[in-house]
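Welcome! Here is a short briefing to read alongside the structure. Take a look at the picture before you go through the points.

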Amino acid sequence: MLSMKNISKVFKTDLVETHALREFNLEVNEGEFVAVTGPSGSGKTTFLNIAGLLEGFTQGDYFLDGVNISNLSDNKSAAIRNEKIGFIFQGFNLIPDLNLAENVEVPLRYRGFNAKERKRRVQHALEQVGLAARMKHLPSQLSGGQQQRVAIARALAGEPRFLLADEPTGNLDSMMARQVMELLEEINKAGTTIIMVTHDPELARRAQRNIQIVDGQVCDFTMYQGGERTIEKPHLVTGSQEPSNQDKVAS
Amino acid sequence: MFFYYLDLAWRSIKKTPFLSLLMVLAISIGIGITITTLNIYQMASINPAGERSSKLFEVRLWSQGIDTWSRLNQQITYQDGFNLRKSPVPVRQTPMFMTGFAVQTDDPEFTPVLENARVTDRDFFGLFSVPFLYGGAWDKQVDSEPAYQVVISEELNKQVFAGENSVGKTLYLNRKPYQIVGVTKTWNPSPKYYDVNNGAFNDAEKIFVPYSLAPTEEYQSWGNNQSWRNEPMDTYAQRLASEAHWNQYWVELDNPEQIRAYEEWLANYIEQQKLLGRFEMPDAKAEIADVAQWLKVNKVVPEDNKILVGLSALFLIVCLVNMLGLLLAKFLKRAPEIGVRRAIGASQTQIFSQHMVEVGLIGFCGGVLGLLWAWGSLSLLSAHFELEDALTQLGYSMWVLAPSIAIIAALLAGIYPAWRICSTNPSVHLKSQ
Amino acid sequence: MLQIKPILSTLMRNKSGPILLLIQIILSVSIVANASFIISERIDLMSRDSGLAESEVFDFRVYNFNPETDYGAQNGRDMTTLRNLPGVIGATSTSMTPLSGGGWMSVFTLGESEETAKETEGAAIYYGDEQMLKTLGVKLIAGRNFFEEEILQGSPNQANLGIVSQAFAKATWGDEPAVGQVFYAADFGQEPVEIIGVVETLQGAWVNNSSLENSVILNVELAFPFTKFLVRAEEGTLAQLKEAIPAALHRDNRERVVSGFKLISEHRKSAYRNHELMATVLSMMVILLLLITSLGLAGMVMFNIERRTKQIGTRRALGAKKRDIISFFLVENYIICIVGGVIGALVAVQLGQQLMSLYSLPQLELIYPLSTVAGLIVLTTIAVILPARKAARISPAIATRSV
C-alpha cells in the first residue's frame, strides 16, 4: 500500500540545513492501522506531509498504491490526494464559512462529481459520523469532538483508501478523544488503511502497529503489538441508526 | 466548477464587506475615469465614413508661394476647385464651401431664418452616402448648366414645410426662388469630416445648392478664408480668381490603380498650372488623404483629450496596484483555509482559478459601478460644459468595454496574489493554529 | 526613541506589501504633480483679463439679404437706432467679437524702406467707430480716441488710423511711444495706418493663440451684407434688448435676419470651455487619486495591525507606550512615503518631459512634485494615525493568549 525507501528531506535556509527525515524506510500494508509516535521535532509531521503528498522529498522512492510519487505534477498529486487520501488534523481545519454539508462536499467538488452524487455521499458520510441532522450548521456551532467527526466525514466522503491523521485527538478532552478513536477504528475495520501521528502512548497502543520516529528515522518497529484488542463497536455507524442518538452520545 | 468558484467568491466578498467595497470602489473609480475620458476620446476620434473611409480622399494642393505657409493647407482655391472637376479619374468628386442664407417661403408671415448652406456638386450626396427622404440630388447637368435647385435637410423641411414632401416646392434663399429637388434624411456625421475647418463637431448644413451657381449668385464664404498674399478682393470675380483658400475638394477612388492614376493627374495639373505662373514653389505638390488620415492631419482629437486618456490609464494602474495590495492581504489571510483545500485534493490550478474567479467578480462589479460613474460624470460634464451631445453620449461599445477592461484589469491585479496563495506550501498552515 | 533599524528590517522581510505601496505612491506623485501643474496652468490662462466689461457687452449679427441694400447707410441707421434704445450705453458695428473664436487677424508691415521692412506679430483687427472704446469698456492709456468725422465707411483697406493694445505696442515698438507710429496694413508702403491711441488691454478672438493680447482697432465701419454689432447695455437688460433690438431694426427694414445675441461673458465661457473641462476632469482625478491612495494606505495599515496583533501585544507587554506603537507605524509608512515620493518626483519630471515633447505643454515646474510629496506626507499621517490609534489600544494581555 505505502512504501517508502530511503526517503530523506532536507530543509535549507541561508544559514542552516536541517535534515527532517534521513534514509527513512517504511512499508504499510493495506488495511493496517499504524500509529506514529516520537518527540516533537523528530520529523513526524514531515513524514505525514510527505506521505500525504503535501510536500516533496529530497531523495528516495515513495510508492503509494503502486504509483511512484516522486516528481508527480501538482495536478496529479492533487488528484491522488483527492481520490486516495483522507486527512484529519489536530485543529480539525474545517472551513469556518461553510456549513457541515458544504465542508464535507469540498473534496467531492474537486473530484468533479455531479450534484446528485455529491449529495448522496455527503449524506452518507455525515451519517457515518452521526451528524447528518446537523448538516446546515456552521462549524462554530459544534463542540470540538463534533467538529472532528465532521472532519472525519469530510475525509471519508471521497471514500479514500488511506487516512492520514495528525494528532486527531490532540485538541479534545479524553471522552471525546475516545469517541473519535472508536470511529477511526471502525473505519479501519471497514478496510481503510490509517496512519495516525500522535504523542499519546495510550492511543498509540490501540493501533495494530506502532512506529517511532527519532531524529528523522524509524527507530522502533513493533508489529502486531498484543493483537488482542477489543473493539467496542463491531460495526460502522450507519444511516440505519438514529442520528439523533449519536448526537447525544457525542455531545 | 465555475459556479462553485462563483459561489465561494460571493461568500468571500460578503465575509469582508469593507475590504471588498474598498476594492470595488477603487476599481470602479479607475474605470469610471478611464471610460469617461475614453468615451470623449473615442467619440472625437470616431471615423464616421465607416467602410468607405479608405475610398474617400481629401485633396490638398501646395499652391502657396515661396516663403509663405510651410505646410499644405487644409483648403484650396476656387480656381483649383473649379479645375479639378475636369479630371476623368475619380468615380465621384466634388468641390465645396460653406455659405448661408436667409430662408423664406411663399408664406409672407414666415419670419426669415438664417441657415448655413453648402455649395457643392451633385456627387456630394453619392460620395458621402447622404440618404434621401424625398426626391434626390439635382441632375448631373446642373453642375455645368446652373439651375436654381436646392436640397434641404429633414430638419429644415420640418421647420418650414411641417415635414410634408416638399419636392417641387419653392424656397427663397436670399430672396431668390429655388426649386426643392430633394429632402435628405437626418444626416449628421460627427466629426463633420467633410469640412473640419469650421468646427469639427458642428452640425451638418441644412441647405445644399449647386456649385455652378456660385459665380452668378456670388455666394459669400461663411467658412474660414486663408490668404498667403495681399491681393484685391473687392469684387466677387476677384475673389474667384484669387489665391485665397476657401474651398474643399473630395474625390472617391476605388482601387490602388485609380489612386495612382489620380496622383499622376494631379502632378500633371500642377505642372500645367506652373506654366500659367501659379504654384511658384519648385517642389509644389499635391497630396490626397483618406478619411482616417484626414482626421489625423486635422488633429480632430484634441491634445487635451489624449493627455486625459493617458493620465486616466495611469490612474487605473494606481487603482490596480491599490487593489493588488488589498487582494494580497485578503488572500494571505485565507491561507489556512486554502491549505485545507489543497490537502483535500484541490490542485494549484483549481485554487488559482477559484481566486481568479473571485477577482473577476470584483472586477465585474467594479466595471458595472464604473460605468455608472462614467455615465454620471459624462452627464455632469455635458450639463456643465454644454459639450456636444455626440461627445458625451456613452457609446454602446463602452457597455462592453467597461466591464471588459475592469475584469481584465482586475485579473491582472489578481494574478500575483492568486499565484502567491496557490503556490504556498499547504502543510505550513495545517498544523493547529 | 524611534528605532528605524527594526522598522526597516520588518519592511524588508515583508517585501510585497511595501513595494506595492511604493509603486502606488510613485505613480500617484507623478500623476498628481503633472495634473496639478496642468490645472494651475489652465487656471492661469482662464484668469487672464480681457479688459472688457464682460457682463455688460454683448454681440449679435444682422444679415441684410436684399442685395439692393446700401449696406453702409443701413448700418449707419441701425447704429442710431441701437444707441437710442433705452438701457444702451454704447453700440458699434464691428468686424469681430473678443473671445468669440472667430474674427479677423493679420500681420502688418513695418519699416523705413522696402528692404528693411519686417512683419509685426499677428494682431486681431477690430473695425469700428469712435464708440468702440466706450462700448467695449476698455481703458485708453495714451493718445486719443477716433473723432466721429474720422470714421470711414465701406471697404476695410481704407483704414488710416489705429488704436492698439498695450501688448501689441510693446511687442512692436518696445519702449518707444506707440502714438504717432505708422504701420502698413498691406505690403510696405501700402495702406499706411497711423497709431493715435493705446488701450490698456484688449484681447482678440482666439484664447489659445499666442497673440491673444495683440489687438488693433481701425477707423472703418464695414459695409457688408453681414454685420456684427457690439452693444454695451446696463447689466441684466439683455433679455429685453433681445426682443427690442430685432423689433426696432425690423421697423426700419424687414429684409434681414437679426440673431445670435451673446454676452462676452458667455463667449468667454465657451472659449475657455475646453480648458475648464480639462481643469475640472483633472481636479476630479487628483482628488479621487488622493482618496484612493489614502484609503489603500489605511487598508494596508489595518491589515498589518491585524497581522501583528500579537506582536503589538507583546511589545506593549514589554513596556512599549501607546505613543511608541503609533510612531512605529508612522515611521514605517513615512519611510515608504518618502522613498516613493522622491522616486515619484523623478518619474513626474520624466512624465512632464514626455508630455512636453509630445504635446504643447510647458515644462513641469519643480514646485509641483515637491508640494505633492509634502501633501502626501500629511495624507500618510492621517491615513496611518487613525488605524494606528486602534492598534495602540491592543491589550498587552493578548500576548499571553495562545490562540
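On the surface of this predicted model, B:Y396, B:W399 and B:V400 form a nonpolar patch with about 430 Å² of accessible area together. Accessible areas come from the Shrake-Rupley method with a 1.4 Å probe, and for residues only the protein chains shown count as cover.

**The patch on chain B**
- Patch members have over 30% relative accessible area and no salt bridge, and nonpolar side chains (Val, Leu, Ile, Met, Phe, Trp, Tyr) are joined within 5 Å.
- A salt bridge here is a side-chain nitrogen of Lys or Arg within 4 Å of a carboxyl oxygen of Asp or Glu.
- B:V400 sits in helix α14 of chain B, residues 396-423; helices are DSSP runs (H or I, at least four residues) numbered from the N terminus.

**Domains of chain B**
- Chain B is split into domain 1 (2-46 + 302-429) and domain 2 (63-284), with bounds from an automatic or database domain assignment.
- Taken over C-alpha atoms, the centres of domain 1 and domain 2 of chain B are 50 Å apart.

**Chain C**
- In an unreviewed entry, UniProt lists residues 20-39, 277-305, 325-346 and 366-386 of chain C as "transmembrane region"; such annotations may be inferred rather than shown by experiment.
- Residues 277-305 of chain C are 100% helix, and their end C-alpha atoms lie 42 Å apart.

**Confidence and conventions**
- Chain C has a mean pLDDT (the predictor's confidence in each residue, from 0 to 100) of 87.
- Residues are numbered from 1 along each chain, and chains are lettered from A in the order written.
- Local features need pLDDT of at least 70, side-chain atom pairs count only at pLDDT 80 or more, and totals for chains, interfaces and linings use all residues, while side-chain values use heavy atoms, leaving out hydrogens and water.

Conventions:
Patch = residues over 30% accessible without salt bridge, like charges linked within 9 Å, V, L, I, M, F, W, Y side chains within 5 Å. Helix = DSSP H or I, 4+ residues; strand = E, 2+ residues; numbered from the N terminus.
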